[in-house]
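Got your viewer open? Let's walk through this one stop at a time, selecting as we go.

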Amino acid sequence: MNRYSILWADDEIDLLKPYILFLTSKGYDVTPVVSGPDAIEKCQQSNFDLLFLDENMPGMSGLTTLSKIKVIRPALPVVMITKSEEEHIMEEAIGSRITDYLIKPINPNQVLLTVKKILDNKRLIEEKTNSGYQQDFRELSMSFSDKLDWQEWIDIYRKLVFWELEIDRTENKSMGELIDQQKQEANSYFSRFIQKNYDDWMNIPTANRPLMSHQLMRKKVFPHLEKEEMLFVIVMDNLRYDQWKILQPAIEEYYYVQEEDLYFSILPTTTSYARNSIFSGLLPDDMSKRHPEWWAGEGEEEGKNEHEQDFLGAQLTRHRVEAKFSYHKIITQDQGRQVLAQLNNLYKNKLNVLVYNFVDMLSHARTDMAMIRELAPDESAYRSLTQSWFQHSSLLEVLKKLSEKKCKVIITTDHGTIRVKKPFKIIGDREVTTNLRYKEGKNLNYEDKDVLSCRKPERFHLPKRHLSSSFVFAQEDYFFAYPNNFNYYVNYYRDTFQHGGISLEEMIIPVIELLPRNSR
């Protein structure tokens, strides 16, 4: 354990000798001084891990001393100690970025608790986190089986994400490798679960199935439109559940999370299939049959998400939902600023849909740009980039404005993404799709293992270009690679974030209902 150094400034320091001796006996080095100028001088001469600072010292006050020390040592944790309980002093001290606040008379255990909370916080949290995860690790591993239902898989995924984020917050991340291995094991079982159940979900009306993409608007959005309330639906393309949990604290400054639910993306887990399904309320083969003028299939040059607004309007009409609505897709900063400027006009609509494409662009940029790969080498850094974007985004500004107007908000996504690591050889002709996590074509050649084969696309309600077309989906963290230039291809795409296939991260995704804090 490190031996920490503490500076204690108090004009009655002699009366504090019992406290200093107590801390010394607990392994801390304590340097006493009797005034603000002495404390400043010591900070100029030496490095300290913590400063106890009396607020009411003659000559230079504690608050004045604090402001000068913050210039010299801006990262030094400071605990203000005072006899006064006056609110304005507390507020001024807190506003000056103190770490903690103690009111005299103090006792030794209170001082020790403060020291441990500040100096030993990371070590204690890491020990507690590792111990908690080790206990839950066994329970989680024993829960993996081929007999789980979709709700149990949601519960397992919630737990895995919880521990992944808790371990990520620890200093040494000593359990990081273990949680990665457990996620891999979970994905192996989950892939078998999807293989066994997906066909039934698509074809048996009485099957025990989860909420899926084509049901999302009808189940989660339309009930709000039946009430006299305005609703904003924000679709963040490619947002994983762990990324939502990272964004949640910033959003909760302005909203209560009224409901946090998880639903299942359809296959393929891509924008062109899953997001069109959300807005149309239809499965892909029904989209292509009912609205061939809007559906762009595999191999077509037209953009595959150019008609989401049309699909949404048709779905509202089909379900006899009378609601004036708007739709905006935000890809650039300028588009984000335009939406922010138009908010007063949007308040006239009952439903406003905002689609933000940044997270999807981030995953593609990470594949194509070496610099982004360096910035986001793993899931932790990938989450951090998402968080950094959000904190400086027009989306956060939009959410702030909506909270002031007491607007209810639903945040969701169309699919997630997974970091792929293992190549899977596949052979196809020139018309085979280019996606790394699923392939569609008429001449697919591959070993029929570690993939989900769909030789009859109509069973998965997928349109097909040719009578002999089939789909094949990568599972776990595999990605498809062609034998030609295999090593180059594998090295280029390994450890990139991809979507389209079968994994917990891609298929189990969040839908969040938010209530503005000032609406209660």
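What follows is a tour of the cores, the empty spaces, one helix and one residue. Keep in mind that the model is predicted.

**Stop 1: the cores**

Start by selecting Phe 190, Ile 194, Tyr 198, Phe 264 and Phe 473. These residues have the most contacts inside the largest nonpolar core, which has 101 residues. Now colour helix α7, residues 150–169: this helix gives the core its largest share, 10 residues. If you want to see a second core, separate from that one, pick Ile 6, Ile 13, Val 30 and Val 79, which are among its 21 residues. As background, nonpolar side chains in soluble globular proteins tend to be buried together.

Back to Phe 264 for a moment. Which residues is Phe 264 in contact with, leaving aside neighbours within four places in sequence? Show its surroundings and you should find aromatic names such as Trp 150, Phe 190, Phe 193 and Trp 201 on the list, along with Ile 154, Ile 194, Pro 210, Leu 211, Met 212, Ser 213, Met 507 and Ile 508.

**Stop 2: the cavities**

The structure holds 2 cavities of 30 Å³ or more. For the largest, select Gln 184, Asn 187, Ile 418, Lys 421 and Glu 505, which lie nearest its centre among 13 lining residues. Its volume is about 150 Å³. How many of the residues lining the largest cavity are charged? Colour by residue class and you get 10 charged, 2 polar and 1 nonpolar. Helix α8 (176–203) and strand β11 (418–419) each supply at least two residues of that lining, and the largest share, 4 residues, comes from α8.

Next, the second largest cavity, at about 30 Å³. Select Tyr 157, Leu 160, Val 161, Glu 164, Lys 183, Asn 187, Leu 504 and Glu 505 to see its lining. Two or more of these residues come from each of α7, α8 and α21 (504–507), with α7 giving the largest share, 4 residues. By class, the lining here splits into 4 nonpolar, 1 polar and 3 charged.

**Stop 3: a pocket**

Move to Thr 332, Gln 333, Trp 389, Ser 393 and Ser 394. They lie nearest the centre of the second largest pocket, which is lined by 14 residues. About 280 Å³ of space lies in this pocket. Helices α14 (333–341) and α16 (358–368) each supply at least two lining residues, and α14 provides the largest share, 3 residues. The lining comprises 7 polar residues, 6 nonpolar and 1 charged.

**Stop 4: helix α20**

Select residues 486–493 and look down the helix axis. The buried residues of α20 are Phe 486, Tyr 489 and Val 490. They fall within an arc of 95°, so they line one face of the helix. On the face turned away from that buried side, find the exposed residues Asn 487, Tyr 488 and Asn 491. What covers the buried residues includes β12 (422–425) and β16 (478–481). Just past the helix, click Asp 495: its phi is positive, near 70°.

**Stop 5: Thr 271**

Finish at helix α11, residues 271–280, where Thr 271 lies. Is Thr 271 buried or exposed? With a relative accessible area of 13%, Thr 271 is buried. To see what Thr 271 touches, beyond residues up to four places away in sequence, select Asp 237, Asn 276, Asn 305, Asp 414 and His 415.

How values were computed: Residues are numbered from 1 along each chain as its sequence is written. This is a predicted model: local features need pLDDT of at least 70, side-chain atom pairs count only at pLDDT 80 or more; totals for chains, interfaces and linings use all residues. Side-chain values use heavy atoms; hydrogens and water are left out. On a 1 Å grid over the protein atoms alone, a cavity is a set of points where a 1.4 Å probe fits but cannot get out, and a pocket is an open set with protein on both sides within 12 Å along at least five of seven lines; lining residues have an atom within 4 Å of a point. Grid points are joined across faces, edges and corners, and a volume is the space filled by probe spheres set on the points. Ala, Val, Leu, Ile, Met, Phe, Trp, Tyr, Cys and Pro count as nonpolar, Asp, Glu, Lys and Arg as charged, and the others, Gly among them, as polar. A nonpolar core is a set of buried Ala, Val, Leu, Ile, Met, Phe, Trp, Tyr and Cys residues joined through side-chain atoms within 4.5 Å. Buried means under 20% relative accessible area, exposed over 50%, partly exposed in between (1.4 Å probe, protein chains only). Contact means heavy atoms within 4.5 Å. The arc is that of the directions from the helix axis to the C-beta atoms.
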